[in-house]
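Student: I should like a close look at a single part of this structure, taken slowly and with the terms explained. Please begin with one strand and proceed from there to its surroundings.

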Amino acid sequence: MIRRIIEIDREKCNGCGACAAACHEGAIGMVDGKAQLLRDDYCDGLGDCLPTCPTGAITFVEREAAAYDEAAVKARQAAQAAPLPCGCPGSAAAVLRGGESCCDAASAAAPAAAGPVSELRQWPVQLKLLPVEAPYYNGAKLLVAADCTAFSRADFHERFMRGRITVIGCPKLDEGDYTEKLTEILRRNDIREVTVVRMEVPCCGGIQRAVENALRASGKFLPWQVVTLGRDGTILD
């Protein structure tokens, strides 16, 4: 049938996730860091998501689409009403406060674990999933690290992550360029400094270049440094 339904311009979408949160029917989800209409039959065409989009990426179109299925939406909502482990959807932004779990009740009930404590301060950490604006960016020191770096050093949390907001990515495996999103994160938030940790391999140069380009494009003059690790974890420079 031909009906009114939303359309999302991926080029304009900044990955903030506000539209997905506003869509009570669950028709919108975040895919590779961008909003996407997941199912036509979940979209009622009322457009609660439109006013939440800061970039104007969502519009109405008239096209062939499956009819809105209220029963399917209610069934989905009922299934999601059951609490998830930790109550934390995988891509929902959350402050972990220096490594504490977001599962407060579970953490309180469980005995304290012996040994090193995670220094991860926020969720998510993957650059493709991170929102461009979040409370944990305010006054933050930003760590932009290549995926492999944390596995090369046993002290990575203590040496590099402590006191920083951690962002990870792999320019060889991830599609697209990180520059645009990093630029928006730097431009829109009170970031105090940036540290890049990369491996010595050539493909890791992509994450360093993205940060350099983002710093220039943001128009901000921030202290920043690059740490290069050898494949055995040795700090090369």
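Tutor: Strand 8 is mostly covered, with 4 of its 5 residues buried. Buried means under 20% relative accessible area, exposed means over 50%, and partly exposed lies in between (1.4 Å probe, protein chains only). Strands (E, at least two residues) and helices (H or I, at least four) are DSSP runs, numbered from the N terminus.

Before going further, please note that this is a predicted model, in which local features need pLDDT of at least 70, side-chain atom pairs count only at pLDDT 80 or more, and totals for chains, interfaces and linings use all residues. Residues are numbered from 1 along each chain as its sequence is written, and side-chain values use heavy atoms, with hydrogens and water left out.

Strand 8 belongs to an open sheet of 4 strands in the order 8-7-9-10, with parallel pairing. Strand 8 (165–169) and strand 10 (224–229) are the edge strands, each pairing on one side only. Two strands pair if DSSP finds at least two bridges between them. From one strand to the next, the twist averages 20°; angles run from 0 to 180 degrees between N-to-C directions, and axes are lines fitted to C-alpha atoms, for helices over the stretch in contact.

Strand 7 and strand 8 pair in the parallel sense over 5 bridges, and Val-144 stands opposite Val-167 in strand 8. Towards the other edge, strand 9 (residues 193–199) pairs with strand 10 in the parallel sense over 6 bridges. There, Gln-225 in strand 10 is the bridge partner of Thr-195.

Helix 7 lies across strand 7 (141–146), strand 8, strand 9 and strand 10, and runs at about 160° to strand 9. Helix 6 also belongs in this picture, since its buried residues pack against strand 7, strand 9 and helix 7. Contact, here and below, means heavy atoms within 4.5 Å. Helix 6 is mostly covered: 7 of its 10 residues are buried, namely Thr-179, Lys-181, Leu-182, Thr-183, Glu-184, Ile-185 and Leu-186.

Two packed helices are described by the angle between their axes and the distance between the axes. Helix 6 (residues 179–188) and helix 7 (residues 205–218) pack at about 45°, with axes 8 Å apart. The two helices are therefore oblique to each other; angles under 35 degrees count as roughly parallel, over 145 as roughly antiparallel, 65 to 115 as roughly perpendicular and the rest as oblique. The crossing of helix 6 and helix 7 is right-handed, a term used if the near helix is turned clockwise from the far one by less than a right angle, and left-handed if anticlockwise. Helix 6 contributes Thr-179, Leu-182, Thr-183, Leu-186 and Arg-187 to the contact, and helix 7 contributes Ala-210, Val-211, Asn-213, Ala-214, Leu-215, Ala-217 and Ser-218. These residues divide into 7 nonpolar, 4 polar and 1 charged. Ala, Val, Leu, Ile, Met, Phe, Trp, Tyr, Cys and Pro count as nonpolar, Asp, Glu, Lys and Arg as charged, and the others, Gly among them, as polar.

Thr-183, in helix 6, counts as buried because its relative accessibility is 7%. Leaving aside residues up to four places away in sequence, Thr-183 touches Ala-214, Ala-217 and Ser-218.
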